[in-house]
Amino acid sequence: MIGADGKIEPTVEPMLELLQRTGYWDYLHRTCATSAELKYRLEEEWNEVCEKGSVLYFCSHGAPDQVWLRPSDEVIGLVTM
């Protein structure tokens with residue numbers, strides 16, 4: 001994927017789209033810009049999806065024990081989640 005600055009940003013979405021097109025599995029792509037949104041997605045949306053039997057593939061920029069959210073540049077410590 002090419003970002004607004006013209007640089008190539010790595011993304012797993014093309015692989016997930018391929019798996020969906022081949023009938024291997026469906027996927028949902030979600031983004032989170034704030035810690036509140038991430039918490040909501042994990043607590044509310046993900047619990048509902050898990051009841052159907054699913055896999056969570058979580059991708060994010062970050063550092064050891066950190067998740068960096070864009071565009072807010074908020075840093076979340078994974079130990080505190």
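From the N terminus on, the elements of the protein chain follow the order α-α-β-β-β, and this order is read from a predicted model. In total the protein chain holds two helices and three strands. Of its 81 residues, 14% are buried, and the surface that the chain exposes amounts to about 6600 Å², of which carbon and sulfur atoms supply 56%. Among the contacts with a separation of 6 or more, 28% join residues that lie 24 or more positions apart.

The helical part of the chain can be taken up with helix H2, residues 35-50. How far apart are the end C-alpha atoms of H2? They are 21 Å apart, which agrees with the 22 Å that the 16 residues of this helix should span at 1.5 Å a residue. Helix H2 nevertheless has a kink of about 30°, and this kink is centred on Arg41. Leu38, Arg41 and Trp46 are the buried residues of H2, and what covers them includes strand E3. As a general point about such elements, an α-helix has 3.6 residues a turn, so residues three or four places apart point the same way.

Arg41, which is found in helix H2, deserves a separate look. Is Arg41 buried or exposed? Its relative accessibility is 18%, and because buried means under 20%, Arg41 counts as buried. When residues up to four places away in sequence are not counted, Arg41 touches Arg30, Thr31, Cys32 and Trp46. One of these partners, Thr31, has its place in the loop between helix H1 (13-21) and H2. Thr31 has a relative accessibility of 51% and therefore counts as exposed, since the exposed class begins over 50%. Thr31 and Arg41 are ten residues apart in sequence, and their C-alpha atoms are 9.1 Å apart in space. Seen from the side of Thr31, and leaving aside its neighbours within four places in sequence, the contacts are with Glu37 and Arg41.

After the helices come the strands. Three strands form an open sheet in the order E1-E2-E3, and their pairing is antiparallel. Strand E1 (61-63) and strand E3 (74-77) stand at the edges, where each has a single partner strand, so one side of each is left without a neighbour in the sheet. Neighbouring strands of this sheet are turned against each other by 30° on average, with direction ignored. In general, the strands of a sheet pair through backbone hydrogen bonds, and the pairing may be parallel or antiparallel.

The pairing can be followed strand by strand. E1 and strand E2 (residues 66-69) pair in the antiparallel sense over three bridges; here His61 stands opposite Trp68 in E2, and Ala63 stands opposite Gln66 in E2. How many bridges join E2 to E3? Four bridges join these two strands, which run antiparallel, and in E3 the bridge partner of Val67 is Ile76. Strand E2 also has two faces to consider, a covered one with Val67 and Leu69 and an uncovered one with Gln66 and Trp68. Trp68, on the uncovered face of E2, is thus the residue that His61 stands opposite in this strand, while Val67, on the covered face, is the one whose bridge partner in E3 is Ile76.

The connections between the strands complete the picture. Most residues other than glycine have a negative phi. In the loop between E1 and E2 lies Asp65, whose phi is near 65°, a positive value in a residue other than glycine. The hairpin of E1 and E2, to which this positive phi belongs, has two residues between the strands. The hairpin of E2 and E3 has four residues between the strands, and in this hairpin Asp73 takes a positive phi near 60°.

Conventions
Residues numbered from 1 in each chain as written. Predicted model: local features only at pLDDT ≥ 70, side-chain atom pairs only at ≥ 80, totals over all residues. Heavy atoms only, no water. Buried < 20%, exposed > 50% of the residue type's maximum accessible area, 1.4 Å probe, protein only. Contact = heavy atoms within 4.5 Å. Areas by Shrake-Rupley, 256 points an atom, 1.4 Å probe, with all protein chains shown as cover. Pairing = 2+ DSSP bridges. Axes fitted to C-alpha atoms, helices over the stretch in contact; angles between N-to-C directions. Expected span 1.5 Å × (residues − 1). Bend = angle between axes of the 7 residues up to and from the residue.
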